[in-house]
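Subject: Structure handover

Hello,

Here is the structure we discussed handing over. My notes on it follow below the entry.

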Amino acid sequence: MPLPSRWGTASTSFLPLMMMTPRFFRLASLLLVFGALVAFAGPKLKKTPIGQNITLGVPEGFAALPDDGIAAKYPAARKPLAVFSNPSGRIDLSVAQKPTTFSNRDYALLLKIYKASIQNMYSKVQFLQEDIRTVNKRDYVALEFVSTVTDNRRGGNLAPIRKYQFVQYAIEGDQLFVFTFVAPAEEQAQWQPIAKAVMSSVTMK
């Protein structure tokens with residue numbers, strides 16, 4: 001005599017339980033641990049010396065620009081100490097140095113000055129972070145923002161240029177050091193965690 005249909009239906013619900021063997025549990029645990037490690041692993045940075053007193057983490061795949069490449073990309077009287085770019089050349093990490101009459105006791109004032117200067121440089125600025133932060137036992141002025149430059153010429157039809165930027169400033173003696181990470185704003189989600197990791201890796205002796 002065949003079993004009632006409800007018994008046949010109920011028996012199939014026990015099939016997943018039959019699969020829950022110790023081996024299955026071990027495999028599932030390993031997959032969970034691997035997933036957690038991937039989720040929480042930070043970006044890969046290469047510890048790189050800049051001059052004698054600075055070390056920072058450079059993202060994997062970035063390459064240092066030669067002097068002529070720096071001069072072409074940053075045509076200024078005082079070129080950066082170093083510039084690193086990703087393979088496409090769209091993302092830059094730079095370190096600059098210049099004389100200053102301020103000291104590291106002036107950071108609160110400098111935060112206001114640098115913020116105002118950035119606002120004057122662009123058509124629009126959305127600040128994501130404006131702070132004095134401590135990194136590796138040293139204080140820095142940190143400004144993280146998205147900048148927009150629009151074509152204001154009459155009849156101008158160029159699309160606005162939007163960039164995600166993280167800039168960190170430090171004063172040592174009579175020298176100002178500026179660490180800058182720049183990426184297209186449309187790629188902010190990809191590069192923001194990396195920019196934060198880079199800025200948190202800076203060490204100055």
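**Strands, pocket and one loop residue**

Ala 82 stands opposite Val 95 in β5. This is a predicted model, and what follows should be read as such.

Ala 82 belongs to strand β4 (residues 82-85), where Ala 82 and Phe 84 point one way while Val 83 and Ser 85 point the other. In a regular strand, side chains alternate between the two faces of the sheet. In β4 all four of these residues are buried.

β4 has pairings with β5 and with β3. With β5 the pairing is antiparallel and runs over four bridges. Six residues lie between the strands in the hairpin of β4 and β5, and Gly 89 takes a positive phi there, near 80°. Strand β3 (residues 63-64) is antiparallel to β4 and joined to it by two bridges; Ser 85 is the bridge partner of Ala 63.

There is also an open sheet of three strands, ordered β1-β2-β10, with antiparallel pairing. β1 (45-50) and β10 (203-204) stand at its edges and have a single partner strand each, so one side of each has no neighbour in the sheet. Between β2 (residues 54-59) and β10 there are two bridges, and Ile 54 in β2 is set opposite Met 204 in β10. Helix α6 (residues 188-201) packs on this sheet and touches β1, β2 and β10. The direction of α6 makes about 160° with that of β2.

The part you may want to look at is the largest pocket, which holds about 1100 Å³ of space. Its lining comprises 36 residues, and those nearest the centre are Tyr 74, Met 121, Tyr 122, Gln 165 and Thr 180. Elements that contribute two or more residues to the lining are β5 (92-99), α5 (107-121), β7 (138-149), β8 (161-172) and β9 (175-184). Sorted by class, the lining has 20 nonpolar, seven polar and nine charged residues.

One loop residue remains. Ser 103 sits in the loop between β5 and α5. Is Ser 103 buried or exposed? Its relative accessibility is 18%, and buried means under 20%, so Ser 103 counts as buried. Apart from neighbours within four places in sequence, Ser 103 is in contact with Leu 110 and Ile 171.

Regards

Key: Residues are numbered from 1 along each chain as its sequence is written. This is a predicted model: local features need pLDDT of at least 70, side-chain atom pairs count only at pLDDT 80 or more; totals for chains, interfaces and linings use all residues. Side-chain values use heavy atoms; hydrogens and water are left out. On a 1 Å grid over the protein atoms alone, a cavity is a set of points where a 1.4 Å probe fits but cannot get out, and a pocket is an open set with protein on both sides within 12 Å along at least five of seven lines; lining residues have an atom within 4 Å of a point. Grid points are joined across faces, edges and corners, and a volume is the space filled by probe spheres set on the points. Ala, Val, Leu, Ile, Met, Phe, Trp, Tyr, Cys and Pro count as nonpolar, Asp, Glu, Lys and Arg as charged, and the others, Gly among them, as polar. Buried means under 20% relative accessible area, exposed over 50%, partly exposed in between (1.4 Å probe, protein chains only). Two strands pair if DSSP finds at least two bridges between them. Contact means heavy atoms within 4.5 Å. Axes are lines fitted to C-alpha atoms, for helices over the stretch in contact, and angles run from 0 to 180 degrees between N-to-C directions.
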